[in-house]
Amino acid sequence: MTNKIVLVLVSLWWGWTALIDFAVVPTVFSVINDFFNAGELGISLFTKFNLLEVVLSSLLIAVLSFHSKKTGKGIIQLALACSAWIIVMFYFTYLTPKISSLATLWKQAELVNKMGIAGINDIQQEHQFYHRIYVGLDSLKLLILSFVLGISFFRKENDLGKA
């Protein structure tokens with residue numbers, strides 16, 4: 001039963017991430033003409049999604065921890081899930097708020113026709129730097145979740161993460 005729960009949780013998380021990254025966000029930026037308005041919508045969306053990820057990833061870790069403690073198996077999946085959880089916590093506590101504040105500063109800089117603001121020489125480049133970190137970490141998170149999904153899918157219930 002544990003393997004089925006893990007499959008459902010990881011599939012949901014992977015699907016949500018793929019949907020937002022590859023469908024919702026590109027659509028928002030292609031439909032909404034105002035770049036900053038689209039960005040505000042994106043930040044709002046990711047803030048809410050990060051909260052869902054914290055809940056889902058914590059639940060996944062609890063299920064895998066229970067299974068691992070009970071059977072002594074599933075350590076690989078648990079370690080991978082913890083790695084993905086760390087990425088989500090980094091988003092939730094630092095990266096999303098940082099990108100949000102930089103977007104606000106970028107909008108302010110645009111209004112006064114300046115490249116730099118608040119001690120940052122080029123606010124657009126600063127924002128893009130943190131955005132690239134987010135994209136890279138999200139790619140890593142999808143890869144990690146793909147491994148957890150693969151392990152869950154190809155292993156028998158009594159062999160969960162035994163390797």
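Trainee: Where does asparagine 113 lie?

Mentor: Happy to start there, and do keep in mind that this is a predicted model. Asparagine 113 counts as exposed, because its relative accessibility is 73%. Its place in the chain is the loop between helix H3 (75-111) and helix H4 (123-154).

Trainee: What phi does asparagine 113 have?

Mentor: A little background helps here: most residues other than glycine have a negative phi. Asparagine 113 is not a glycine, and yet its phi is positive, at about 60°.

Trainee: Is alanine 118 buried or exposed?

Mentor: Alanine 118 sits in the loop between H3 and H4. This residue too is not a glycine but has a positive phi, of about 55°. Its relative accessible area is 59%, and the cut-off for the top class is over 50%. So alanine 118 is exposed.

Trainee: Good, now the overall picture. How do the elements of the chain run from the N terminus on?

Mentor: The C-alpha atoms fill a box of roughly 65 × 30 × 20 Å along the principal axes. Of the 163 residues, 38% count as buried. The secondary structure comes to four helices and zero strands. From the N terminus on, the elements therefore run α-α-α-α.

Trainee: Are H1 and H2 roughly parallel or antiparallel to each other?

Mentor: Helix H1 spans residues 2-31 and helix H2 residues 35-71, with their axes 10 Å apart. The angle at which they pack is about 170°, and the cut-off to compare with is 145 degrees. H1 and H2 are therefore roughly antiparallel.

Trainee: And by class, how many nonpolar residues does the contact of H1 with H2 have?

Mentor: Let's go through the classes in turn. The contact of H1 with H2 has two charged and five polar residues. The nonpolar residues there number 24.

Trainee: How many salt bridges does a search of the whole structure find?

Mentor: Side chains of opposite charge can pair when their charged atoms come close. One such pair is lysine 107 with glutamate 40, at 3.2 Å between the closest N and O atoms. Over the whole structure, the search finds three.

Trainee: Which residues are joined into one network by salt bridges that share partners?

Mentor: Lysine 141 bridges to glutamate 53, with the closest N and O atoms 2.3 Å apart. Lysine 141 lies in helix H4 and glutamate 53 in helix H2, so this pair ties together parts 88 residues apart in sequence. Lysine 141 also meets aspartate 138 in a salt bridge, 3.0 Å from N to O. Through shared partners, the network joins Glu53, Asp138 and Lys141.

Trainee: Is aspartate 138 buried or exposed?

Mentor: Lysine 141 and glutamate 53 each count as buried, because both have 0% relative accessibility. For aspartate 138 the relative accessible area is 4%, and the cut-off is under 20%. So aspartate 138 is buried.

Trainee: One last topic, the surface. What accessible area do Leu51, Val55 and Phe92 have together?

Mentor: Leucine 51 has its place in helix H2. At 46% relative accessibility, leucine 51 counts as partly exposed. With Val55 and Phe92, Leu51 forms a nonpolar patch on the surface, and their accessible area together is about 270 Å².

Definitions and conventions
Residues are numbered from 1 along each chain as its sequence is written. This is a predicted model: local features need pLDDT of at least 70, side-chain atom pairs count only at pLDDT 80 or more; totals for chains, interfaces and linings use all residues. Side-chain values use heavy atoms; hydrogens and water are left out. Axes are lines fitted to C-alpha atoms, for helices over the stretch in contact, and angles run from 0 to 180 degrees between N-to-C directions. Helices (H or I, at least four residues) and strands (E, at least two) are DSSP runs, numbered from the N terminus. Angles under 35 degrees count as roughly parallel, over 145 as roughly antiparallel, 65 to 115 as roughly perpendicular and the rest as oblique. Ala, Val, Leu, Ile, Met, Phe, Trp, Tyr, Cys and Pro count as nonpolar, Asp, Glu, Lys and Arg as charged, and the others, Gly among them, as polar. Patches are made of residues with over 30% relative accessible area and no salt bridge: like charges are joined within 9 Å, nonpolar side chains (Val, Leu, Ile, Met, Phe, Trp, Tyr) within 5 Å. Accessible areas come from the Shrake-Rupley method with a 1.4 Å probe; for residues, only the protein chains shown count as cover. A salt bridge is a side-chain nitrogen of Lys or Arg within 4 Å of a carboxyl oxygen of Asp or Glu. Buried means under 20% relative accessible area, exposed over 50%, partly exposed in between (1.4 Å probe, protein chains only).
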